[in-house]
Amino acid sequence: MPLSPRLVSSLVVCLIVWFAAAASAEPPALSSFEGRWEGAIAVPTGALEIDLDFEALDDGLRGDISIPVQGLRDLELTEVELTSERLLFAIPGIPGDPRFSGVLSADGSTLAGDFTQGGALLAFSVERSAPPADAVAASLDDLDAVIDRALADFQVPGLGLAIVRDGDVVFAEGFGRRDVENDLPMTADTLFAIGSTTKAMTATVLAMQAEDGLLDWDEPVVRSMPSFRLADPLVTPRISARDLVTHRSGMPRHDALWYGLDDGSRAEMIERLAHLELTADLRETFQYNNLMFLVAGYLSGRLDEATWEDAMRRRLFEPLGMERTNFSVDVSQTDADHALPYGLDDESDALERIPFRNIDLVGPAGSVNSSVREMAAWLLFNLAGGEHDGDRLIERANLHELHLPQMSLPSAPPPSARVTQSAYGMGWGVEVYRGHRRVGHGGGIDGFTTSVMFFPDDDLGLVSFTNRPSGLPKLLNQLAADRILGLEPVDWLSEGLREMTAAEEAGEAGAERLETTRVEGTEPAHELSAYAGTYRDAGYGDLTVTVDGERLRVGFNDMSAPFEHWHYEVWRGLDDGDEAALEGTRLQFRRDFDGHVAEAVVPMEMTASPIVFTRQADPRWSDPEILARYVGAYVGETGQRGEIRLVGDRLTVHLPGQPVYTLVPQASGRLAIEGLEGFSLVFEEDEEGRVTAAHFHQPNGIFTSRRIDE
């Protein structure tokens, strides 16, 4: 239907007025664009999330862009220009010359318009948002009260929490007490033992060395460490540095090898690996292993012609400004602001201070100590793709490789399916948490628990520490992440408390049921002194047994605990308040064919065979001054004359027409004849200690030779 002349005239007048107003309108002030803007580009596959930051300067507008899913973060924009109608800006260094042309809404809350790249024309829209710190503060409004209540519910003395968001530290605080006895508060700068979250740092330094051409992730370790050996000769020449940091070596944990051992060297520990049982083929299955990270860290030090500590300090801690972060709890204790470790007393269920556990020997697997404030720098570095304060420490792709799945985990997701697609990267766990990609790791060592996690696509990272073993750090990290990400609330603390209570009750019930397996009425087969001695395994080292009143005392590494008779030849470790780590450990003594105590069998690794410690001979049988007493001529019952001579620290037997036999000391006190199974020798001494005879024990009898003076 044609328009009436009067209506056409009215429209023309309106258009003239509108164009006149538009022509005379001033462009928005530069300050109108200052702040953060969040939104998306409408790409064919959905929405590509972006965020923009603008700052008004004297000479114009400065801005940067982040595209989390593409790993771009705070990339400075170019050609930023404000015309009378539009804000124009471009992304430099990206193929296709990506450009934006947007119009500010009348209320100043939305910037929307066109995005072009490589000939494609797409729409974009971003909305003004609160600064990250303000947004986080709003989402965590009552967090202090929540944490205070959680510390009481979980019986944890103190906690540190730091959160980073969109390139900034938006939260860093301490709660509770770092020292209960002296009522010293926890702070954001309090040092904690971060445990296994150290592993990601070790892997990162190796990635830096790979970038420098010092390492090939998939090259066999023996090419850089020719002395490196594992028990399976088919695994040794194939295992790579990537295998070391992804827990797929085929070796189970074997943590008892190093736990509680303060002396020794990493090189010595690595030599022992050749004697440890492997329970799977290389790359067959995921088996968490601290010892492989020990090897990885040792390798890292060698590549830099230094130590692991030196490589970590130079390549990571110094560039990130982590000045107080250190490698030993011994160092932490010299710092004015460090947390003390606590546990719960078994009798009173009250908090009690426990000793620090030095794990320097396996430092690359877990000995780092840090504060949540300094760990925030570590999180920002990972979220920024390897940059810190504008300096690139590692190429984005090389760091990103550590965050990618490398080995699937055998465990099934929980029924709630809040966490799916669980895998292990290189020093990091990788999974999808409630629809968000999450990279993280936990840590735990005596008196401390750690949770470190970050969400690469959301530019969010969290770290939490406690100074008593607890699931609280991860629970609080998840609670805070849910709020910041705007997810539907989950009562993580109540769930965790129920699980903790159920686990404690199950543990008590299990301990009671264990008592029913004890066979009553049995006695040890020997006097207690017959069990005393040193027992040795090539991999695990020495285990000592001494008499402790009516019990035995067993020493292993630098730990010691009383052992009570359980039944038959089985003994069980007790907690005497000195060393709880051996509590519940069971030990079985085994005898040789002559009835002497010869071996101590201890289940050290639940997925491997029990470790058999062989009883060692009295050290005096290796002392040349003592052995000289037995040197001389001996005449047998048939008149045959022989000699006992001393060669180095071994006695030898010389008989006419026969080879020279070497005597090997045995734990039973006998001297075995090397090379002759079932043949041994026992010397006889009179009341004054003079050697009078040598008794030869053979399968067909015992034959005596009398010593003669010449």
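In this predicted model, Phe-613 touches Tyr-535, Arg-536, Asp-537, Tyr-540, Gly-541, Leu-543, Phe-556, Ala-598, Glu-599, Ala-600, Val-602 and Met-604, with residues up to four places away in sequence left out of the count. Phe-613 also belongs to the largest nonpolar core, which holds 110 residues. Along with Met-201, Phe-228, Leu-273, Trp-378 and Phe-589, Phe-613 touches the most other members of that core. Helix 11 (residues 372-383) supplies the largest share of this core, nine residues. A second core is separate and has 33 residues. Its members include Phe-175, Phe-455, Leu-462 and Leu-487.

Met-201, one of the core residues named above, lies in helix 4 and is buried there. Helix 4 spans residues 198-211. Its 14 residues should cover 20 Å at 1.5 Å a residue, and the end C-alpha atoms are 20 Å apart, so the two values agree. The helix is mostly covered, with twelve of the 14 residues buried. Among them are Thr-198, Lys-199, Thr-202, Thr-204 and Gln-209, as well as Ala-200, Val-205, Leu-206 and Met-208. Gly-213 follows helix 4 and has a positive phi, near 85°.

Ser-464 is located in strand 24 (residues 460-466). Is Ser-464 buried or exposed? Its relative accessible area is 0%, so Ser-464 counts as buried. The side chain of Ser-464 reaches the backbone oxygen of Gly-160 at 3.5 Å. Gly-160 is also among the residues that Ser-464 touches, beyond those up to four places away in sequence. The others are Leu-159, Leu-161, Thr-449, Thr-450, Ser-451, Pro-473 and Asn-477.

Attention turns to the sheets. Nine strands form an open sheet with antiparallel pairing, in the order 4-3-2-1-9-8-7-6-5. Strand 4 and strand 5 (78-82) are the edge strands, each pairing on one side only. From one strand to the next, the twist averages 20°. At one edge, strand 4 (residues 72-76) runs antiparallel to strand 3 (residues 60-67), and three bridges join them. Asp-64 stands opposite Glu-76 of strand 4. The two strands make a hairpin with four residues between them. Gly-71 sits in the turn, with a positive phi of about 75°. At the other edge, strand 5 pairs with strand 6 (residues 87-90) in the antiparallel sense, over three bridges. Here Thr-78 stands opposite Ala-90 of strand 6.

Strand 36 (residues 661-665) shows alternating side chains. Tyr-661, Leu-663 and Pro-665 point to one face and are buried. Thr-662 and Val-664 point to the other face and are not buried. Strand 36 pairs with strand 35 (residues 650-654) in the antiparallel sense, over two bridges. Thr-662 is the bridge partner of Thr-652. Six residues separate the two strands in their hairpin, and Gly-657 in the turn has a positive phi of about 75°. Strand 36 also runs antiparallel to strand 37 (residues 671-673), with three bridges between them. Val-664 stands opposite Ala-672 of strand 37. This hairpin has five residues between its strands, and Gly-669 takes a positive phi near 100°.

Key
Residues are numbered from 1 along each chain as its sequence is written. This is a predicted model: local features need pLDDT of at least 70, side-chain atom pairs count only at pLDDT 80 or more; totals for chains, interfaces and linings use all residues. Side-chain values use heavy atoms; hydrogens and water are left out. Buried means under 20% relative accessible area, exposed over 50%, partly exposed in between (1.4 Å probe, protein chains only). Two strands pair if DSSP finds at least two bridges between them. A polar contact is a pair of N or O atoms within 3.5 Å; within protein, one must be able to donate a hydrogen and the other to accept it, and residues adjacent in sequence count only if both atoms are side-chain atoms. Contact means heavy atoms within 4.5 Å. A nonpolar core is a set of buried Ala, Val, Leu, Ile, Met, Phe, Trp, Tyr and Cys residues joined through side-chain atoms within 4.5 Å. Axes are lines fitted to C-alpha atoms, for helices over the stretch in contact, and angles run from 0 to 180 degrees between N-to-C directions. The expected span of a helix is 1.5 Å times one less than its number of residues.
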